[in-house]
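Work through the exercises below with the structure open. Try each task before reading its solution.

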Amino acid sequence: MNFHDHRETLDPAVRERELLARLPGQIAHAKANAPAFAKLLEDVDPDSIVSREALATLPVTRKSELLERQKAARPFGGFAAVGWGQGCRRVFASPGPLYEPEGARPDYYRLARALHAAGFRAGDLVHNTFSYHFTPAGSMMETAAHALGCTVFPAGVGQTEQQLAAIADLQPNAYVGTPSFLRILLDKGDEMGVAVAFTKAFVSGEAFPPSMREAFAARGIQAFQAYATADIGLIAYETPAREGLVVDEDIVLEIVRPGTADPVEVGEVGEVVVTTFNPDYPLIRFGTGDLSAVLPGASPCGRSNLRIRGWMGRADQTTKVKGMFVHPGQIAQVVRRHPEITRARLVVDNPDLNDRMTLMCEVAGGGSETLAGAIATSIRELTKLRGEVAFLPSGALANDGKVIDDVRVYE
């Protein structure tokens, strides 16, 4: 079967009617069960939200605002419709920290559709290298694989040599993780003389340039990517057509002008805003902070939903490094821990297509190895990622308010 279900090939007008018909019920549910939306949508009649134009009149709740609301009302800022117990099987923490509930429904994050498009099928053994701790990525992929009838080896991150030993023993045919770690496994396998049996891969969390996709294909691995977040789950996914990412069937996606709630024209780059039909975490017009654009026309693969160009950067200074969001507030926390720093900027680059973070620090009188080590430890503790430290003289950084500078180049 080429498609996960019949909805992928629905007439676009039929799909649009069905999605819009679901909106009033979801908005009413959010108002009744999520205290934050009861306040945000206090004057909204759910029965009146039956078109995209009506939806566009509702406020956008951005990820940065969600972070602040969660700080004021733990754990979920009043946006969840569930509490501890059977309705909330797990709770995860993403950098910020942002807390997300995971409900008990199969394929909670709806990623099975994306894995299916990537060629995953019942009987595959999936080597899952996403983290199973704190962040939900490991669970997101495992629950999707289970929904398709796959068996999962929960490899998690790091421990490359032990992972290769398991690969040699178990011979998994499918990989899930970041593209950079797949390349690390392949290179280390070559070095150690371990044959890696992957024939298919599903990657996310990082940019996936054509050069890397072609390098994997040259080794017999067909790799596909998806765009998903911990809060929303699947947003869009790649198909064999390799022309943009097809939007998931269970969300309403809008592209708005950054910093506003106003939808832009097809083809114009803007912020991805998503309304989900998840009853446990009913996010209405959630601003992801990611930039993208809608592609005109339908995918040649036969799927008829909207397509987007994929991840095109951040609408704010928050950025994603190795699948983890890094917020300006985290960099401010690092600076507060070390009063020697008078000004700092996190520069994110990608030599050899490997993400790297370097905290550029203005320090009066220069720095020291001891201070650099202490700052690096703070970066690790606050972002859950490794970062390098470079010292600059006072006045070297531009006084432009920039805290995170993403200078990555993808070729």
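This is a predicted model.

**Exercise 1. The second largest pocket**

Task: Find how much space lies in the second largest pocket, and which elements give two or more residues to its lining.

Solution:
- Start with the volume. The second largest pocket holds about 620 Å³ of space.
- Go to its centre. Of the 26 lining residues, the closest to it are Ala207, Phe208, Gln225, Gly310 and Trp311.
- Assign the elements. Those that give two or more residues are α9 (210-218) and β8. The largest share of this lining comes from β8, with four residues.
- Sort by class. The lining has 12 nonpolar, six polar and eight charged residues.

**Exercise 2. The largest pocket**

Task: State how many residues line the largest pocket, and which lie nearest its centre.

Solution:
- Take the volume. About 1200 Å³ of space lies in the largest pocket.
- Count the lining. It consists of 46 residues; Ser131, Val157, Lys322, Met324 and Leu385 lie nearest the centre.
- Map the lining to elements. Two or more residues each come from β3 (98-102), α6 (137-148), α8 (179-192), β8 (222-229), β16 (319-321), β17 (324-326) and β19 (356-363).
- Sort by class. The lining divides into 18 nonpolar, 17 polar and 11 charged residues.

**Exercise 3. The cavity**

Task: Determine how many cavities of 30 Å³ or more there are, and which residues line the largest cavity.

Solution:
- Apply the cut-off. The count comes to one cavity of 30 Å³ or more.
- Read the volume. About 60 Å³ of space lies in the largest cavity.
- List the lining. Glu206, Ala207, Pro209, Met212, Asn350, Leu353, Asn354, Asp355 and Tyr410 make it up.
- Sort by class. Five are nonpolar, two polar and two charged.

**Exercise 4. A four-stranded sheet**

Task: Give the strand order of the open sheet, then explain why β20 and β21 each have one side without a neighbour in it.

Solution:
- Write the order. Four strands run β20-β19-β18-β21, with mixed pairing.
- Locate the edges. β20 (388-392) and β21 (404-406) stand there with a single partner strand each, so one side of each has no neighbour in the sheet.
- Add the twist. From one strand to the next it averages 25°.
- Inspect one pair. β19 and β20 run parallel and are joined by five bridges. Threonine 358 stands opposite glutamate 388 in β20.
- Place the helices. α10 (residues 328-337) packs on the sheet and touches β18 (341-349), β19 and β21; its direction makes about 140° with that of β18. α11 (residues 369-383) also packs on the sheet, touching β18, β19 and β20; its direction makes about 130° with that of β20.

**Exercise 5. Salt bridges**

Task: Report how many salt bridges a search of the whole structure finds, then examine one that involves arginine 113.

Solution:
- Take the total. The search finds 29 salt bridges.
- Pick the pair. Arginine 113 bridges to glutamate 8, with the closest N and O atoms 2.8 Å apart.
- Place both ends. Arginine 113 is in helix α5 (residues 112-117), and glutamate 8 is in the segment before α1 (12-33). The two are 105 residues apart, so the pair links distant parts of the chain.**Exercise 6. Backbone checks**

Task: Identify which residues a cis peptide bond joins at proline 75 and at proline 97.

Solution:
- Check proline 75. A cis bond joins arginine 74 to it, with omega about 0°. Proline 75 lies in the loop between α4 (63-72) and β2 (90-94).
- Check proline 97. Its cis bond is with glycine 96, and omega is about -10°. Proline 97 sits in the loop between β2 and β3.
- Check phi as well. Arginine 110 is not a glycine, yet has a positive phi of about 65°. Arginine 110 is in the loop between β3 and α5.

Technical notes. Residues are numbered from 1 along each chain as its sequence is written. This is a predicted model: local features need pLDDT of at least 70, side-chain atom pairs count only at pLDDT 80 or more; totals for chains, interfaces and linings use all residues. Side-chain values use heavy atoms; hydrogens and water are left out. On a 1 Å grid over the protein atoms alone, a cavity is a set of points where a 1.4 Å probe fits but cannot get out, and a pocket is an open set with protein on both sides within 12 Å along at least five of seven lines; lining residues have an atom within 4 Å of a point. Grid points are joined across faces, edges and corners, and a volume is the space filled by probe spheres set on the points. Ala, Val, Leu, Ile, Met, Phe, Trp, Tyr, Cys and Pro count as nonpolar, Asp, Glu, Lys and Arg as charged, and the others, Gly among them, as polar. Two strands pair if DSSP finds at least two bridges between them. Axes are lines fitted to C-alpha atoms, for helices over the stretch in contact, and angles run from 0 to 180 degrees between N-to-C directions. Contact means heavy atoms within 4.5 Å. A salt bridge is a side-chain nitrogen of Lys or Arg within 4 Å of a carboxyl oxygen of Asp or Glu.
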